[in-house]
Amino acid sequence: IINQQAGRLNAIIDDLLTLSRLEQKEGHVMVEPSNLASTIESAIYLCQLQAEKKNIKIDMVCPPDLTLSINAPLLEQAMVNLIINALKYSDPEKKVLVLAEKQSDTVAIYIKDEGFGIEHKHLDRLFERFYRVDTARSRKLGGTGLGLSIVKHIVQAHQGSIRVESKVGAGSTFIITLPAAQPGD
């Protein structure tokens, strides 16, 4: 029990340090032109083991030539957090879809699951630190309650936004919207 709690505290400290670094750099992260499909593929690869444990298939749809000015490791971390959540809060044998598309002056990245869904009353507070929809289930499944807050800060550091659409029993879709061209491009 002590070892478990020490691991949990270590995870919370790591996440708090990540949040602190992101807040200090808000809007000042190093970006470079990067292939979005490669970044998404890396994120999916990092989640594959957890997906296989539940026999969940992760599909990706992204134009192979879509290039964005991003901090690829940070954006990958945000997508890993969202994909891991999609896996955690889905029953076995379901699917997760990561879809990216260029819109007029933005790029939208959708992380869509067929999971349990989130009640409407929780959606406004979902990206707050330590906010949990279902405390009992969240603790059992692990996590620090900081993952979505980290995702929000990573997206904001890229001058983007994130929102969620969800229906109880039908799953959730997290939508990251990023500028297609950064200032100075």
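**View 1. Ala 170 is partly exposed in this predicted model.** Its relative accessible area is 42%. That value falls between the 20% limit for buried and the 50% limit for exposed, so Ala 170 counts as partly exposed. Ala 170 sits in the loop between strand 6 (161–167) and strand 7. Leaving aside residues up to four places away in sequence, Ala 170 touches Asp 113, Glu 114, Gly 115 and Phe 116. Ser 90 is 80 residues from Ala 170 along the chain, yet their C-alpha atoms are separated by 10.0 Å.

**View 2. Five strands make an open sheet.** The strand order is 2-4-5-7-6. Pairing in this sheet is mixed. Strand 2 (57–61) and strand 6 stand at the edges. Each has a single partner strand, so one side of each is left without a neighbour in the sheet. Direction ignored, neighbouring strands are turned by 15° against each other on average.

**View 3. Strand 5 pairs with strand 4 and with strand 7.** Strand 5 spans residues 106–113 and is mostly covered. Of its 8 residues, 7 are buried. Strand 4 (residues 95–102) runs antiparallel to strand 5, joined by 7 bridges. These two strands form a hairpin, with 3 residues between them. Across this pair, Leu 97 stands opposite Lys 112 of strand 5. Strand 7 (residues 171–179) is also antiparallel to strand 5, again through 7 bridges. Here Ala 108 stands opposite Thr 177 of strand 7.

**View 4. Strand 6 meets strand 7.** The two pair in the antiparallel sense. The pairing covers 7 bridges. Ser 161 stands opposite Thr 177 in strand 7. Thr 177 also has Ala 108 opposite it.

**View 5. Helix 3 packs on the sheet.** Helix 3 touches strand 2, strand 4, strand 5, strand 6 and strand 7. The direction of helix 3 makes about 25° with that of strand 5.

**View 6. Helix 3 packs with helix 5.** Helix 3 covers residues 72–88, and helix 5 covers residues 147–157. The angle is about 145°, and the axes lie 9 Å apart. Their crossing is left-handed. From helix 3, the contact uses Leu 74, Leu 75, Gln 77, Ala 78, Asn 81, Leu 82 and Asn 85. From helix 5, Gly 147, Leu 148, Ile 150, Val 151 and Ile 154 take part. By class, the contact holds 8 nonpolar and 4 polar residues. No charged residues belong to this contact.

Conventions
Residues are numbered from 1 along each chain as its sequence is written. This is a predicted model: local features need pLDDT of at least 70, side-chain atom pairs count only at pLDDT 80 or more; totals for chains, interfaces and linings use all residues. Side-chain values use heavy atoms; hydrogens and water are left out. Axes are lines fitted to C-alpha atoms, for helices over the stretch in contact, and angles run from 0 to 180 degrees between N-to-C directions. Helices (H or I, at least four residues) and strands (E, at least two) are DSSP runs, numbered from the N terminus. A crossing is left-handed if the near helix is turned anticlockwise from the far one by less than a right angle, and right-handed if clockwise. Contact means heavy atoms within 4.5 Å. Ala, Val, Leu, Ile, Met, Phe, Trp, Tyr, Cys and Pro count as nonpolar, Asp, Glu, Lys and Arg as charged, and the others, Gly among them, as polar. Buried means under 20% relative accessible area, exposed over 50%, partly exposed in between (1.4 Å probe, protein chains only). Two strands pair if DSSP finds at least two bridges between them.
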